[in-house]
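Student: I should like a close look at a single part of this structure, taken slowly and in one connected account. Please begin with one pair of residues and work outward from there.

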Amino acid sequence: MANWSELPVELLGMIHDELSIFDYIRSKAICKQWNLVCKFEHHRPPKPQAPWLMLPGDNDSTAKFFSIVEKKVYNIPCPEPMIRRRICIGSCYGWLTTVDSLCNMYLLNPLTGAQIPLPSVTTLPFVKTVHDPQGQIVNFIVGQERNELSCWSMHALFFSKAVLSAAPDADNDFTIMMIYGLWKNLAFARAGDKAWQSISSPYWYTDIIHHNAKFYTINYQRMVEVWGLDELAIRHSVINSDLPSHILLGCICTYYLVESLHGNLMSVYKFQNEWGRTDNPKNIMCMVFSLDEQALTWTRVESLHEQTLFLGKNQSMCLSTVDFPELKQNCIYYTDDMLQLCGSHQYMNRYVGIFYLEDEMTRPIDHLGHHLNCPPPLWLTPSLS
């Protein structure tokens with residue numbers, strides 16, 4: 001019988017290069033020789049992965065991930081605080097932005113267990129805590145109107161979305177931008193900051209992406225803004241364009257930004273029947289527009305061709321179905337990011353589906369099956385960064 005530990009290092013490297021990221025992790029436990037291979041300079045990291053869908057775990061300490069390519073579920077233990085009691089408001093570069101039951105915020109890589117605390121929410125303007133006689137946080141006072149919110153209400157109403165400029169690494173050089181508050185304001189923090197810096201703006205924001213080394217935002221007035229956050233100042237500009245208005249009666253519209261495979265900026269309108277099941281093909285509608293950055297005009301995209309989009313609390317992604325042939329082309333994989341509805345629809349498949357641009361219908365994801373939706377699912381690109 002062959003001794004797997006005696007395989008040549010070059011051959012082991014070739015095997016590692018073809019493994020999925022989860023098999024890559026498990027292979028390190030086979031023997032010392034296999035574990036050493038990934039440390040050699042000539043060895044490549046695991047090949048890029050298609051997104052996983054993060055689902056509510058079966059217990060408080062385990063996260064559940066569904067691989068849409070492998071059609072498998074992975075259960076991954078996570079460090080304290082308990083992952084099942086957190087909400088996730090962002091996903092970039094393999095890292096989650098999480099908020100625990102007392103509204104403490106963390107960056108978490110669920111595959112490595114690495115975790116980075118973020119500044120306290122009380123460093124944002126007009127956010128105070130209310131304590132019980134034992135000194136435990138029971139409520140928050142937020143806004144100039146001094147609204148009193150429970151921790152659950154903060155999860156549902158206060159935290160919207162967060163996006164990173166880069167993966168946290170040994171250089172610890174990243175910036176995070178967040179949409180927060182009842183009025184959907186903007187704030188940011190750099191690695192190592194002790195406080196959030198709020199950005200004054202009259203607009204309500206709906207999405208953020210990091211594109212061309214800057215943050216791009218879109219608000220409910222369909223205005224796209226560009227933010228350069230250097231050490232000395234916040235540099236801000238507006239893309240004065242003609243992003244069209246579309247209204248569907250009885251629907252909530254969420255605007256997203258996404259970078260295409262060709263590097264140009266796209267905007268997606270997702271219309272959702274506020275009280276209808278989102279796995280009903282009639283209750284979700286999407287429209288895609290592409291920006292001509294020279295003429296500053298938007299054009300309706302009738303087909304994504306060999307591209308597919310992933311929308312939700314994650315930083316919006318565009319992937320090639322040539323690179324990932326298991327994905328549906330000319331489609332939008334979406335999760336429902338209306339946090340305020342998850343509690344009342346806990347046992348409905350409300351948060352996940354595929355929108356096909358060709359016939360403007362939604363369909364379920366193969367082999368996903370029934371699942372809880374609270375905390376709501378979101379997309380994660382697995383990474384060991």
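Tutor: Let us start from K128, which stands opposite I141 in strand β9. The model in view is a predicted one, and what follows should be read accordingly. The pairing to which these two residues belong joins β8 to β9, the latter spanning residues 137–142; the two strands run in the antiparallel sense, and five bridges connect them.

That pair is part of an open sheet of three strands, arranged in the order β8-β9-β10 with antiparallel pairing. At its edges lie β8, residues 127–131, and β10, residues 147–150, each of which pairs on one side only. From one strand to the next, the twist averages 30 degrees. The sheet also has a helical neighbour: α4, formed by residues 151–158, lies across β8, β9 and β10, and its direction makes an angle of about 105 degrees with β10.

The wider setting of this sheet may be given briefly. The protein chain contains four helices and 28 strands. Of its 385 residues, 52% count as buried. Where contacts link residues at least 6 apart in sequence, 51% of them join residues at least 24 apart. The chain exposes about 17,900 Å², of which carbon and sulfur atoms supply 53%.

A second site, elsewhere in the chain, repays similar attention. T308 lies in strand β23, which covers residues 307–311. How buried or exposed is T308? Its relative accessible area is 0%, and T308 therefore counts as buried, the limit being under 20%. The side chain of T308 reaches the backbone oxygen of C331 at a distance of 3.0 Å. Beyond its neighbours within four places in sequence, T308 is in contact with M317, C318, L319, T321, L327, K328, C331, I332 and Y333. C331 thus appears both as the residue whose backbone oxygen is reached and in the list of contacts.

C331 is itself buried, because its relative accessible area is 0%. Another cysteine, C253, has a relative accessible area of 15% and so is likewise classed as buried, that value falling under the 20% limit. As to the bonding of cysteines, the structure holds zero disulfides.

To return to the starting point, the pair formed by K128 and I141 sits within the antiparallel pairing of β8 and β9, and α4 lies across the three strands β8, β9 and β10.

Note on methods:
Residues are numbered from 1 along each chain as its sequence is written. This is a predicted model: local features need pLDDT of at least 70, side-chain atom pairs count only at pLDDT 80 or more; totals for chains, interfaces and linings use all residues. Side-chain values use heavy atoms; hydrogens and water are left out. Buried means under 20% relative accessible area, exposed over 50%, partly exposed in between (1.4 Å probe, protein chains only). Contact means heavy atoms within 4.5 Å. Accessible areas come from the Shrake-Rupley method with a 1.4 Å probe; for residues, only the protein chains shown count as cover. Two strands pair if DSSP finds at least two bridges between them. Axes are lines fitted to C-alpha atoms, for helices over the stretch in contact, and angles run from 0 to 180 degrees between N-to-C directions. A polar contact is a pair of N or O atoms within 3.5 Å; within protein, one must be able to donate a hydrogen and the other to accept it, and residues adjacent in sequence count only if both atoms are side-chain atoms. A disulfide is a pair of cysteine sulfur atoms within 2.5 Å.
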